[in-house]
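Good morning, everyone, and thank you for making time for this. Please have the sequence and the model open in front of you, and I will go through a few places in turn.

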Amino acid sequence: MTIPDQLRADAATLAASLEADFVGTEHLFLAWLESATGPAADTMRAAGLTPEAFRTLLASGKQRRRGPGPVAAPGGLSSQGQRVLELAAELATADGRTEGNADDIILAMIREPRGALARALSEFQLKPSKLRAIIRPGSAEVSRPEREPREPREPREAKEPREPKEPREPKEPREPKEPREPREPRPKQEPKGDPKPRPEPRPKPEPRPRRDPETDDIPFARAPERPRLTPPPKPPRDAPIEKKKRAVPLSAVLFLAVPLAVYLSQTHGDPVWIFAAACLGVLPLAGLMGNATEHLAERTGPTLGGLLNATFGNAAELIIAIAALRAGYVDLVKASITGSILGNLLLILGLSLVVGGSRRSLLSFNRTNAGMGAAMLALAVAGLIFPALFHAIHPEALVGVELHLSEAVATVLAVTYGFSLLFVLRTHKPLFGGGGHGGLDGPSWGVGKAVGLLALGTAGVAVMSEILVHQVGAVTANLGISQAFLGLIIIPIIGNAAEHATAIVVARKGQTDLAFQIALGSSTQVALLIAPILVFAGAFMGVAGMNLVFSTFEIVGLCMAVIVSAFITLDGESHWFEGVQLLALYALIGAAAWFI
């Protein structure tokens, strides 16, 4: 590897660690500064410009991001960095060399320093001309050829003096004219007929009184002086503090559905109303579990916090699925697994793109994160295809054989999910920017409070799930809908409501990477973790038929969703119309599920 290629690779690694979208001249300079030796490097370090000082300067400034028009491919060189390498190649060619070196690159960078490099040279009082002279003597100043002295001009010949003109003869004086006799004044003629009356002179207007802008209300008067802003007087300490009226949050209103569902269930009310109240009661309880997990992750550190977010992200849906599995609704549980993946990939990702794209013409996000999510989902779909393919080839196979195959596939998927957590949270964490949901609103809860509320929310979801599942048979009979539609559409929306709301809110704020992380991460977690847990839970409870053999409709829907979402996300850019396309595919799958 040549020196420019090695320097560019080191700069790419530094840009990834600093969470930059592309490699700029500041990353090239930092990579050179960390490994450079020689007079120029010694001069910079003597002035205080060390790698640690330059990193501090980069951290104090604003991190460069790509605008609506991409400057370069994510992870590639910026336009300024590309010009620096081209100029370094020209310097090497001018010296008769085929390959450039580190001196050529640093000379190209300090010829016209910009951005963080210019601020660093100015802050540490390093002149680019002095550095160029140290790196290559004679390159800082350009010698100019001396001009030959001009020959002195010949003096001009003196003009001959003009001959004086002869004086003119004086003119003879004129004779004075005789004075004229004065004329007699003409008599005034009297006007004929009646003389016209002359108009009377207009009276002079009275002088207007002087305007006083302080007392007169005149629109065009002089503008009054601006009042000086004085701070409001502080209230006395004994004065009562007025509390601002806060609007009641929606989650507090939805909490009323919890006792309502319990009351209707105990009094044997209408199954449809019991089912609706239980569904509404799950929403605030799932949100409470999500908030408690976020506060607990804030206390435990980024690595363990990311693991907690990944573990409890779909806890409500897992509890509902286990309750349905205990009641024997195997088809409902399988459909809820497929529906959760489809809901995250199509519904939530589509809504996030539409909401985020309504304020920006182009949305940019991390291609590495999107590529890993698409690859993991493709692996999960492959794991779901093989049991179904085995069932289609050997329909006469025993149920136990299909269960053992599903258990083997579930083990592989769960182990792969564990390695994905290690990759995201430990070894390649800078590429993904952490694993949280974007900070907390208000002060952080204590560990005891967070654990207590997490346990309370889990118990509440378990109670609501039991009530909800026991009404499935009556609801499907009264409303004429199938268990497949409930599992594909209704149950996933209820179980993942808290995650869905968070993704849409952060997408509206412009945090597209975080919205993608929530949508793709939740889909990956359901396919690689929730599905294997349900397979082993069904085997433990002795529920027959709980395996990974899904219907042809579910497998085809998953394949189409993964392919379309991969086409949209792998280029690292998107817009609102691609969100509309995802929503259209979700509507097509929902319409087909209604008629199953």
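Which residues in the largest nonpolar core touch the most other members? Before I answer, please keep in mind that we are looking at a predicted model. The core in question has 99 residues, and those that touch the most other members are Leu345, Leu346, Leu534 and Leu548. The element that gives the most to this core is helix α22, running from residue 512 to residue 541, with 15 residues. There is also a second, separate core, which has 40 residues and includes Leu14, Ala36, Ala41 and Leu121. As background for those of you who are new to this, nonpolar side chains in soluble globular proteins tend to be buried together.

Let me stay with Leu548 for a moment. If we set aside its neighbours within four places in sequence, Leu548 is in contact with Leu384, Pro387, Ala388, Ser406, Val409, Ala410, Ala531 and Val535.

Next, I would like to turn to a charged residue, Glu402, which is found in helix α16, residues 399–427. Glu402 is buried and yet has no salt bridge. Why does it have none? The nearest side chain of opposite charge, that of Lys334, is 7.1 Å away, whereas a salt bridge requires a side-chain nitrogen of Lys or Arg within 4 Å of a carboxyl oxygen, so this pair does not qualify. What Glu402 does have is a polar contact, at 2.6 Å, between its side chain and the side chain of His391. Not counting residues up to four places away in sequence, Glu402 touches Phe390, His391, His394, Asn547 and Val549.

How many salt bridges, then, does the structure hold? It holds one, and this is formed by Glu466 and Arg326, whose closest N and O atoms are 3.2 Å apart. The pair links distant parts of the chain, since Glu466 sits in helix α18 (residues 447–470) and Arg326 in helix α13 (residues 315–326), with their positions 140 residues apart. The two partners fall into separate classes of accessibility: Glu466 has a relative accessible area of 27% and is therefore partly exposed, while Arg326, with 58%, is exposed.

Is Ser352, to take a polar residue, buried or exposed? Ser352 has a relative accessible area of 5%, and so it counts as buried. This serine lies in helix α14, which covers residues 330–357, and, leaving aside neighbours within four places in sequence, Ser352 is in contact with Ala503, Ile504, Ala507 and Ala515.

Finally, let us consider the aromatic rings, where the count comes to two pairs. In one of them, the rings of Phe485 and Trp594 have their centres 5.0 Å apart and their planes at 85°, so the pair is edge-to-face. This pair, too, links distant parts of the chain, with Phe485 in helix α20 (residues 483–495) and Trp594 in helix α24 (residues 576–594), 109 residues apart. Phe485 counts as buried because its relative accessibility is 13%, whereas Trp594, at 44%, counts as partly exposed. The other pair is made by Trp576 and Phe577, and here the arrangement is again edge-to-face, with 5.9 Å from centre to centre and 85° between the planes. Trp576 is partly exposed, with a relative accessible area of 44%, and Phe577 is partly exposed as well, with 42%.

Note on methods. Residues are numbered from 1 along each chain as its sequence is written. This is a predicted model: local features need pLDDT of at least 70, side-chain atom pairs count only at pLDDT 80 or more; totals for chains, interfaces and linings use all residues. Side-chain values use heavy atoms; hydrogens and water are left out. Helices (H or I, at least four residues) and strands (E, at least two) are DSSP runs, numbered from the N terminus. Buried means under 20% relative accessible area, exposed over 50%, partly exposed in between (1.4 Å probe, protein chains only). Lys and Arg count as positive and Asp and Glu as negative; His and the chain ends are not counted. A polar contact is a pair of N or O atoms within 3.5 Å; within protein, one must be able to donate a hydrogen and the other to accept it, and residues adjacent in sequence count only if both atoms are side-chain atoms. Contact means heavy atoms within 4.5 Å. A nonpolar core is a set of buried Ala, Val, Leu, Ile, Met, Phe, Trp, Tyr and Cys residues joined through side-chain atoms within 4.5 Å. Rings of Phe, Tyr and Trp (its six-membered ring) pair if their centres lie within 6.5 Å; planes under 30 degrees apart count as stacked, over 60 as edge-to-face and the rest as tilted.
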